[in-house]
Structure formats: structure tokens, C-alpha cells
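Grab your viewer and work through these short exercises. Each one sets a task and then walks through a solution.

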Amino acid sequence: RESHPTLFVLADAGLLTISRKNIETTNVFGKAEKLPGLHIELTEEGAKWYQPESGMLRFAKEKTDAILEKREISPEQLQVKVRLKLLDIAPWASKPEIQAAFPRLAEIMRQDSIEYSLTYDGKAWQVNASGASGDLTQ
């Protein structure tokens, strides 16, 4: 628990199952060995909030509320700042232990919205490093 406290908080909230398991690996000398590890799986509830494309758990669904800024960087690049309204907030997101493990979560929930800064490079949208995010890792 001490080495992965946030994982165990998510498990206690019913989003993950965690079990100890020996993992087979090869050491630097090429010798096979088993090391203690953790086997982590999403529960049915956790799967409802998991986004496979980002590999993250989300705590709410979002809907674009407003386009705050739009700037053309070049003919192929566009930068946009949007505000997303939080909808269907997960019941587990308001638990004190979850908010303690993810301190920014309570702040985002109080605001009731999230602002993102996005850049389109002609192929795909990317969240800028400085843009706020609604995932639990921020």
C-alpha cells in the first residue's frame, strides 16, 4: 500500500482489484527470475469510467460549453481554448479519500467546468501541456 497509495485508494473505492503476483522477468544477466508484483484489473464500475484511448480513469463526462479563444498558428495549425461542462460526475469522485489522493479533483468539481487548450496540427487534436485536464493524474 505504501508504494502505490493512489492505486489502493481506487481499489478501496471499488474501481480496481489488486492482487499480489510473482512476475516472470529476465535480469540484466539474461537469467529468468520471478519478482513480486501487483496484478491490477478494472472492476465493472472502473470499466465504466475508463478511457482506453488515453489509458485514464475519468471522473465525469464532459460537454463543450464554450469556445473561449481560437487562434490560427499557421494554415495547418489551429489553437483553441474551450470550456467543458462536467456532466454525470462519478459517485466515487466526491469521497474524501479519493479527493485526498487526487487534490485537484475537489477544485475542478467546485468549478463545475474544465478549460482545455488544444492544438490541431492538421491531423489530430492535442491537449497542450499547459491546458487543464479532467483526468485524475493532474
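**Exercise 1.** Work out whether Trp-49 is buried or exposed.

*Solution.* Start with the cut-offs: buried means under 20% relative accessible area, exposed means over 50%, and partly exposed lies in between (1.4 Å probe, protein chains only). Trp-49 comes out at 12% relative accessibility, so this residue counts as buried. Do the same for Trp-92: its 3% puts it in the buried class too.

Before you go on, note that this is a predicted model, where local features need pLDDT of at least 70, side-chain atom pairs count only at pLDDT 80 or more, and totals for chains, interfaces and linings use all residues. Residues are numbered from 1 along each chain as its sequence is written, and side-chain values use heavy atoms, with hydrogens and water left out.

**Exercise 2.** Find the aromatic pairs and classify each one.

*Solution.* Step one, the rule: rings of Phe, Tyr and Trp (its six-membered ring) pair if their centres lie within 6.5 Å; planes under 30 degrees apart are stacked, over 60 edge-to-face, and the rest tilted. Step two, the count: there are 2 aromatic pairs in the structure. Step three, take Trp-49 and Trp-92: with 6.3 Å centre to centre and 85° between the planes, they are edge-to-face. This pair bridges distant parts of the chain, 43 residues apart, with Trp-49 in helix H2 (residues 44-49) and Trp-92 in the loop between S6 and helix H3 (96-101). Helices (H or I, at least four residues) and strands (E, at least two) are DSSP runs, numbered from the N terminus.

Step four, take Tyr-120 and Trp-125: their ring centres sit 5.1 Å apart with planes at 45°, so this pair is tilted. Both residues are partly exposed, Tyr-120 at 28% and Trp-125 at 43%.

**Exercise 3.** Say how S1 and S2 pair, and look at the turn between them.

*Solution.* Two strands pair if DSSP finds at least two bridges between them. S1 (residues 16-26) and S2 (residues 32-42) have 11 bridges and run antiparallel. Along the ladder, Glu-24 is bridged to Lys-34, and Lys-21 faces Gly-37. The hairpin has 5 residues between the strands, and there Gly-30 adopts a positive phi near 85°.

**Exercise 4.** Which strands are the edges of the open sheet of 4 strands?

*Solution.* First write down the order, S5-S6-S7-S8, with antiparallel pairing. The edges are S5 (61-74) and S8 (125-127), each pairing on one side only. Then check one ladder: S5 and S6 (residues 77-87) share 11 bridges, and Lys-70 has Val-80 as its bridge partner in S6.
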